Amino acid sequence: MSKKKPTYPITEALSTYLSKYARNIKIPIYYDDLLRYQGSITVYDKHGNDSLWIQVYYSESERKDIELSLKQMYSILHSDGSDALLPYLNIDSIDYCTFGNSKPFRIKVRNILNDNYIFLYIKKADASRIYGLELEHLLSPNHINFLVHGNTLIEEHISGIPGDDFIKYHLDNCSEQDKREIAKEFVKFNERCFIRLLGDMRSYNYVMVLINDFDRIQYRIRAIDFDQQSYEGNIKVYRPQFLKENNVFVDLVTSELKQASIDQYKREERSLLAKRATSAKKRLKQLIVCMRKDHISQPEKVKELKDALLELTGDINFKKSRNMGQILDSTLDFIIRNYKNENPFLREE
């Protein structure tokens, strides 16, 4: 896997798409403005370990303008965008992470009337990351809320227990039934990432979402990092099962599930993804058109991935692909064609 992925600019076609679906905003602050902090302190997690985040602070002359702009971002992202909400908001902290590609700022916004708070993230806009967010919104069971402002990307916080923390502190306390549920969800998550070409889903790049049902806890695995959307050439990067950080979950699948069950869950996830793609056909097609015209990877990686997918599927469309957008288009087309053939209710009249 590449140690450093370059940042790809937003094309005019992608910008038009984002505007059409209300993802573009105008706010007088950019990612680079937040880099002008005056100092910082280390942020530690609840276990006393360095979280790799630092809390930053700004000069008095800039702080008020920055905080006002951040409140406006929050209002647009989570409300109607009006200024009526602003007097009741407070920016409690601005944290900066130097780890990884995106180097995000994490903003803690608190409602002063009830002390409820929420986080939002501000990153340098990257075309491949934006494609990843949109594909997650359209093809996964999760809706994604994000905005783009010039070279700045604003994302909502995705709640859950980080996968690595869940493995370290919670998994051993799960019942056998819970472990079978988790194994099932990992199989489905693994399949979903592979089909939509979302790479690098190591345990700290996704969260475990726990949902209390009336007689049990349901477990869901949800991606939180979309930097590696359709970038790497190694096909294994798009399958979380081959990343060593997920070995515990792979062992869980092996011990808790029979092969017939694994195959069943894979079929279920492919069928669900095909139905989501069909339901969002118009919007998905517009996004894929942008991707097909864009270049978000390197030629040697494109060749490596399309050759691997051609060998895996035998579909000649992969041989014709010239960039990652075309490869993803061929992948989705392959899945949809197969499941329309196998499931009459998916066929178009």
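The paragraphs below walk through selected strands, helices, loops and single residues of this structure, which is a predicted model.

A good place to begin is strand E7, which covers residues 152–156 and is mostly covered, since 5 of its 5 residues are buried. The side chains of this strand are divided between two directions: Thr-152, Ile-154 and Glu-156 point one way, while Leu-153 and Glu-155 point the other way, and all of them are buried. Strand E7 has pairing partners that can be followed in turn. With E5 it runs antiparallel, and 5 bridges join the two strands; within this pairing, Ile-122 has Ile-154 of E7 as its bridge partner. With strand E6, which is made of residues 146–149, E7 also pairs in the antiparallel sense, here over 4 bridges, and His-149 stands opposite Thr-152 of E7. The strands E6 and E7 form a hairpin with 2 residues between them, and in that turn Gly-150 has a positive phi of about 60°.

If we now go back along the chain to the loop between strand E4 (105–111) and strand E5 (117–124), we find Leu-113. Is this leucine buried or exposed? Its relative accessibility is 63%, and because a residue counts as exposed when this value is over 50%, Leu-113 belongs to the exposed group. Together with Tyr-88 and Ile-112, Leu-113 forms a nonpolar patch on the surface, and the accessible area of these three residues together is about 310 Å².

Another set of strands forms an open sheet of 3 strands, in the order E8-E9-E10 and with antiparallel pairing. Its edge strands are E8 (161–162) and E10 (217–223), each of which pairs on one side only. Between strand E9, which holds residues 206–212, and E10 there are 7 bridges, and these two strands run antiparallel; as one example of residues facing each other, Ile-211 stands opposite Gln-218 in E10.

The helices can be read with one general idea in mind. An α-helix has 3.6 residues a turn, so residues three or four places apart point the same way. In helix H7, which spans residues 247–256, the buried residues are listed as Phe-249, Leu-252, Val-253 and Glu-256. Around the axis they cover an arc of only 100°, which puts them on the same side of H7. On the other side of H7, by contrast, Asp-251, Thr-254 and Ser-255 are exposed.

Helix H8 can be checked by its length. For its 21 residues, a rise of 1.5 Å a residue should give a span of 30 Å, and the end C-alpha atoms are indeed 30 Å apart, so the two values agree. Among the buried residues of H8 are Ile-262, Tyr-265, Glu-269 and Leu-273. Asp-263 also has its place in this helix, which runs over residues 259–279, but Asp-263 is partly exposed, with a relative accessible area of 30%. This aspartate also gives a sense of distance across the model, for its C-alpha atom is separated by 34 Å from that of Glu-155, a residue 108 positions away along the chain.

Helix H10, with 15 residues (299–313), reaches 21 Å from its first C-alpha to its last, close to the 21 Å expected at 1.5 Å a residue. Which residues of H10 are buried? They are Lys-301, Val-302, Leu-305, Lys-306 and Leu-309. Seen down the axis of H10, these buried residues fall within an arc of 120°, so they line one face of the helix. Pro-299 and Glu-311, on the other side of H10, are exposed. The helix is followed by Gly-314, whose phi is positive, near 75°.

Positive phi values also appear in residues that are not glycine. Ala-22 is one of them, with a positive phi of about 60°; it is placed in the loop between helix H1 (12–20) and helix H2 (31–34), and its relative accessibility of 58% means that Ala-22 counts as exposed. Leu-52 is another residue other than glycine with a positive phi, in this case near 70°. Leu-52 lies in strand E2, which is formed by residues 50–57, and with a relative accessibility of 43% Leu-52 counts as partly exposed.

Terms used
Residues are numbered from 1 along each chain as its sequence is written. This is a predicted model: local features need pLDDT of at least 70, side-chain atom pairs count only at pLDDT 80 or more; totals for chains, interfaces and linings use all residues. Side-chain values use heavy atoms; hydrogens and water are left out. Buried means under 20% relative accessible area, exposed over 50%, partly exposed in between (1.4 Å probe, protein chains only). The expected span of a helix is 1.5 Å times one less than its number of residues. The arc is that of the directions from the helix axis to the C-beta atoms. Patches are made of residues with over 30% relative accessible area and no salt bridge: like charges are joined within 9 Å, nonpolar side chains (Val, Leu, Ile, Met, Phe, Trp, Tyr) within 5 Å. Accessible areas come from the Shrake-Rupley method with a 1.4 Å probe; for residues, only the protein chains shown count as cover. A salt bridge is a side-chain nitrogen of Lys or Arg within 4 Å of a carboxyl oxygen of Asp or Glu. Two strands pair if DSSP finds at least two bridges between them.
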